[in-house]
Amino acid sequence: MRFDVTGKVSLDHIYDQPDPRTYFRALRPLDYGVPQQAKPYFAKIITEYRESQHVAVPKVLDIGCSYGINAALLKYDATMDELYARYGDEERAAESREALLARDRELARSRRPPRAIRFVGLDTSGSALSYALEAGFLDDVVQADLEQHEPTPRQRAQLSGTDLVISTGCVGYVTERTLTRVVRAQGVRRPWMAHFVLRMFPFDPVERALAGLGYRTVRVDEVFRQRRFASPQEQALVLDSMSAAGVDPQGLEAEGWLYAQLHLSRPYDITGTNEPNREQS
């Protein structure tokens with residue numbers, strides 16, 4: 001079992017497969033479920049944006065989208081349990097990628113949402129993006145590493161016009177460099193943001209960078225289980241990292257789960273106040 005510099009077990013191999021089966025088989029024993037917990041929050045924010053900004057079809061950018069999981073949950077009202085059964089069951093192991101895609105396209109056709117959402121996925125994995133696009137989960141994809149590189153003119157055009165930016169777990173590996181480049185691709189516009197971030201990763205650098213771009217960030221007063229630790233060694237390494245960063249794991253990570261918090265960032269309005277519901281500074 002390999003670990004990355006943060007102490008977490010390395011799961012890089014599950015993000016660059018031809019289809020999502022390896023992803024779901026690896027994460028199922030760990031009870032990975034943060035996209036399901038994020039779903040009602042994202043849905044609420046999308047509705048708030050649609051109604052307050054009078055945008056009929058919001059454009060949502062999912063950073064670190066992998067196989068389009070958040071899009072499948074929000075656009076087609078899928079659940080994580082349904083996706084685990086869809087991709088993780090043993091009887092699916094011998095199914096061809098083409099057959100899997102055909103079933104996913106049928107899901108996309110049969111469950112059109114009552115209100116349209118346009119989903120764009122940003123990720124470094126071309127394989128995951130390709131699957132999500134072919135399946136109909138994502139409407140457009142941007143394969144880029146914005147930590148290392150500025151977006152190309154084409155990528156900038158794809159990112160332009162984003163209404164909301166979301167993520168479920170990539171912030172910490174993705175930093176303020178990526179988010180700043182996404183915002184600057186919008187010109188003068190400022191999309192709303194909602195990021196589920198593991199407690200082991202400080203959000204302060206991101207918050208400061210966004211403040212410099214005209215944002216106010218608040219944190220929802222709740223914690224969300226991301227997944228179980230893959231091993232006692234992973235837990236020990238993560239707890240060491242958290243202690244070094246001054247984060248108290250007692251009652252949370254010390255009990256065997258990784259936990260995330262939701263950070264909401266919105267541009268200041270003309271009065272200088274823009275405070276979403278159910279959150280605190």
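# Close-up views of a predicted model

Of the 281 residues in the protein chain, 53% count as buried. Please keep in mind, as you browse these legends, that the model is predicted.

**Figure 1. The whole chain, with its ten helices and nine strands.** We start with an overview before moving in. The radius of gyration of the protein chain is 18 Å, close to the 19 Å given by the globule rule for 281 residues, so the chain is as compact as a globular protein of that length. Its C-alpha trace spans about 60 × 45 × 35 Å along the principal axes. Among contacts with a separation of 6 or more, 78% come from residues 24 or more positions apart. The exposed surface of the protein chain amounts to about 12,600 Å², and 49% of this is supplied by carbon and sulfur atoms.

**Figure 2. A salt bridge between the side chains of Asp31 and Arg228.** The structure holds 19 salt bridges, and this view shows one of them, with an N to O distance of 2.6 Å. Asp31 sits in the loop between α1 (21-27) and α2 (34-53), while Arg228 belongs to strand β7 (residues 224-228), so the pair ties together parts that are 197 residues apart in sequence. How accessible are the two partners? Asp31 is partly exposed, at 38% relative accessible area, and Arg228 is partly exposed as well, at 36%.

**Figure 3. Lys44 and Glu48, a salt bridge within helix α2.** Here the N to O distance between the two side chains is 2.5 Å. Both residues lie in helix α2, four residues apart, which is about one turn of the helix. Lys44 counts as partly exposed, with 37% relative accessibility.

**Figure 4. Arg181 and Glu150, joined by a salt bridge.** The closest N and O atoms of this pair are 3.3 Å apart. Arg181 lies in helix α8 (residues 176-184) and Glu150 in the loop between β3 (140-143) and α7 (153-159), so the salt bridge ties together parts that are 31 residues apart in sequence. Is each partner buried or partly exposed? Arg181 counts as buried, at 16% relative accessibility, whereas Glu150 counts as partly exposed, at 47%. For a look back at the previous view, salt bridges that share partners join Lys44, Glu48 and Arg266 into one network.

**Figure 5. Thr180 in helix α8.** This view shows Thr180, a buried residue with a relative accessible area of 12%. Which residues does Thr180 touch, leaving aside those up to four places away in sequence? They are Ala209 and Leu213.

**Figure 6. Helix α10 and its buried side.** Does the length of this helix agree with what its residue count suggests, and what are the two values to compare? At 1.5 Å a residue, the 13 residues of α10 (residues 232-244) should span 18 Å, and the end C-alpha atoms are 18 Å apart, which agrees. The buried residues of α10 are Glu234, Gln235, Val238, Leu239 and Met242. These cover an arc of only 130° around the axis, which puts them on the same side of α10. They pack against β7 and β8 (257-267). On the face turned away from the buried side, α10 carries the exposed residues Asp240, Ser243 and Ala244. The helix is followed by Gly246, whose phi is positive, near 80°.

**Figure 7. Ser66, a residue other than glycine with a positive phi.** Some background helps with this view and the next. Most residues other than glycine have a negative phi. In Ser66, phi is near 45°. The residue is placed in the loop between β1 (59-63) and α3 (69-76). Ser66 counts as buried, since its relative accessibility is 4%, and the cut-off for buried is under 20%.

**Figure 8. Asp77, another residue other than glycine with a positive phi.** The phi of Asp77 is near 55°. Where does Asp77 lie? Its place is in the loop between α3 and α4 (80-88). Asp77 is exposed, with a relative accessible area of 55%, and the cut-off for exposed is over 50%.

Terms used:
Residues are numbered from 1 along each chain as its sequence is written. This is a predicted model: local features need pLDDT of at least 70, side-chain atom pairs count only at pLDDT 80 or more; totals for chains, interfaces and linings use all residues. Side-chain values use heavy atoms; hydrogens and water are left out. A salt bridge is a side-chain nitrogen of Lys or Arg within 4 Å of a carboxyl oxygen of Asp or Glu. Helices (H or I, at least four residues) and strands (E, at least two) are DSSP runs, numbered from the N terminus. Buried means under 20% relative accessible area, exposed over 50%, partly exposed in between (1.4 Å probe, protein chains only). The expected span of a helix is 1.5 Å times one less than its number of residues. The arc is that of the directions from the helix axis to the C-beta atoms. Contact means heavy atoms within 4.5 Å. The radius of gyration is taken over C-alpha atoms; the globule rule is 2.2 Å times the number of residues to the power 0.38. Accessible areas come from the Shrake-Rupley method with a 1.4 Å probe; for residues, only the protein chains shown count as cover.
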